[in-house]
Amino acid sequence: MGKRDTEQALGADGPVQFSVDRSSPVPLYFQLSQQLEAAIEHGKLAPGSLLGNEIELAGRLGLSRPTVRQAIQSLVDKGLLVRRRGIGTQVVHSQVKRPLELSSLYDDLEAAGQKPATRVLLNTTTEADAEVAAALGIAEGAEVALVERLRLAHGEPVAHLRNHLPAGLIELRTAELEETGLYRLMRSAGITLHSARQAVGARAATVEEGVRLEEPEGAPLLTMQRTTFDDTGRAVEFGSHVYRASRYAFEFQLLVRP
């Protein structure tokens, strides 16, 4: 077995340990950067956590300063770390990587240790326009429930969520929407979510979206439209969502056909 050196950084729930295996063919800087990134993504190193300066970290791990600098720079380039004069290297935030499957953003954030929170911007009823009516399979002008929410992780906005549901499907209480995800509320009401039709895109942020999501005007945003069906084939929800590209990514799993 090769020599393995370890080092700790102070995370939100106590010390976080890193190690490098000198016998591994994987470059030392990459070993360190991967472990740092994993600790940030899983919430072990929360925004604001300090790693110490490069000289101290290099000395305690027995690595060269250029090796540690390369590991840190790779995460600075990804927007996960920032160097602050007089403070040291500090965690900024992690990017949410969401699989393309029928799950809610709230559940995905919670599973990733991202401490989700919700700010309900609107909870009302309205008339279905042509797009909403087509998605839900109802008449244009029919009454539908409309919910708009701002989803946050570690106190920072990640996405603006706009959802339409058939009128009378479930009772949507603002207090409950602020405490949990929409899909959880639907399941607890006895609705079995079976499948969805989804489209993913991208565009630039408007002034209003920039203010809401704490991004500059013109910043890249990811978009998603999803129509969700229950086990009877009935459309039960149409979502039109916008995500910060700096904080959010979709993950695909591709299979090769035989």
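The crossing of helices α2 and α3 is right-handed in this predicted model. The axes of α2 (residues 54–61) and α3 (residues 65–77) come within 9 Å and cross at roughly 115°. Two packed helices are described by the angle between their axes and the distance between the axes. On the α2 side, the contact is made by Glu 54, Ile 55, Leu 57 and Ala 58; α3 contributes Arg 65, Val 68, Arg 69 and Ile 72. Sorted by class, the residues of this contact are five nonpolar and three charged, with no polar residue.

The chain as a whole contains eight helices and 13 strands. Of its 258 residues, 46% are buried. Contacts between residues at least 6 apart in sequence were also examined, and 58% of them join residues at least 24 apart.

Helix α1 covers residues 28–41, a run of 14 residues. At 1.5 Å a residue, a helix of this length should span 20 Å, and the end C-alpha atoms of α1 are 20 Å apart, so the expected and computed spans agree. The buried residues of α1 are Gln 31, Leu 32, Ser 33, Leu 36, Glu 37, Ala 39, Ile 40 and Glu 41. An α-helix has 3.6 residues a turn, so residues three or four places apart point the same way. Just after α1, Gly 43 takes a positive phi of about 80°.

A positive phi is also found at a residue other than glycine, Glu 214, where the angle is near 60°. Glu 214 is placed in the loop between α8 (207–213) and β11. The relative accessible area of Glu 214 is 52%, and this residue is therefore classed as exposed, the cut-off being over 50%.

Strand β11 (residues 220–230) includes Asp 230. With a relative accessible area of 4%, Asp 230 is buried, because the cut-off for that class is under 20%. The side chain of Asp 230 makes a polar contact with the side chain of Thr 232, at 2.7 Å. When residues up to four places away in sequence are not counted, Asp 230 touches Ile 191, Thr 192, Leu 193, His 194 and Val 236.

A second acidic residue in a strand is Glu 148, which is found in β8 (residues 143–153). Glu 148 has a relative accessibility of 12% and so counts as buried. A polar contact of 2.3 Å joins the side chain of Glu 148 to the side chain of Arg 162. Arg 162 also appears among the residues in contact with Glu 148 once neighbours within four places in sequence are left aside. The others in that set are Arg 119, Val 120, Leu 121, Leu 122, His 160 and Leu 161.

Leu 50 belongs to strand β3, which consists of residues 50–52. The relative accessibility of Leu 50 is 39%, so this residue counts as partly exposed. Leu 50 and Thr 89 are 39 residues apart along the chain, yet their C-alpha atoms are separated by 5.9 Å.

Key. Residues are numbered from 1 along each chain as its sequence is written. This is a predicted model: local features need pLDDT of at least 70, side-chain atom pairs count only at pLDDT 80 or more; totals for chains, interfaces and linings use all residues. Side-chain values use heavy atoms; hydrogens and water are left out. Helices (H or I, at least four residues) and strands (E, at least two) are DSSP runs, numbered from the N terminus. Buried means under 20% relative accessible area, exposed over 50%, partly exposed in between (1.4 Å probe, protein chains only). Axes are lines fitted to C-alpha atoms, for helices over the stretch in contact, and angles run from 0 to 180 degrees between N-to-C directions. A crossing is left-handed if the near helix is turned anticlockwise from the far one by less than a right angle, and right-handed if clockwise. Contact means heavy atoms within 4.5 Å. Ala, Val, Leu, Ile, Met, Phe, Trp, Tyr, Cys and Pro count as nonpolar, Asp, Glu, Lys and Arg as charged, and the others, Gly among them, as polar. A polar contact is a pair of N or O atoms within 3.5 Å; within protein, one must be able to donate a hydrogen and the other to accept it, and residues adjacent in sequence count only if both atoms are side-chain atoms. The expected span of a helix is 1.5 Å times one less than its number of residues.
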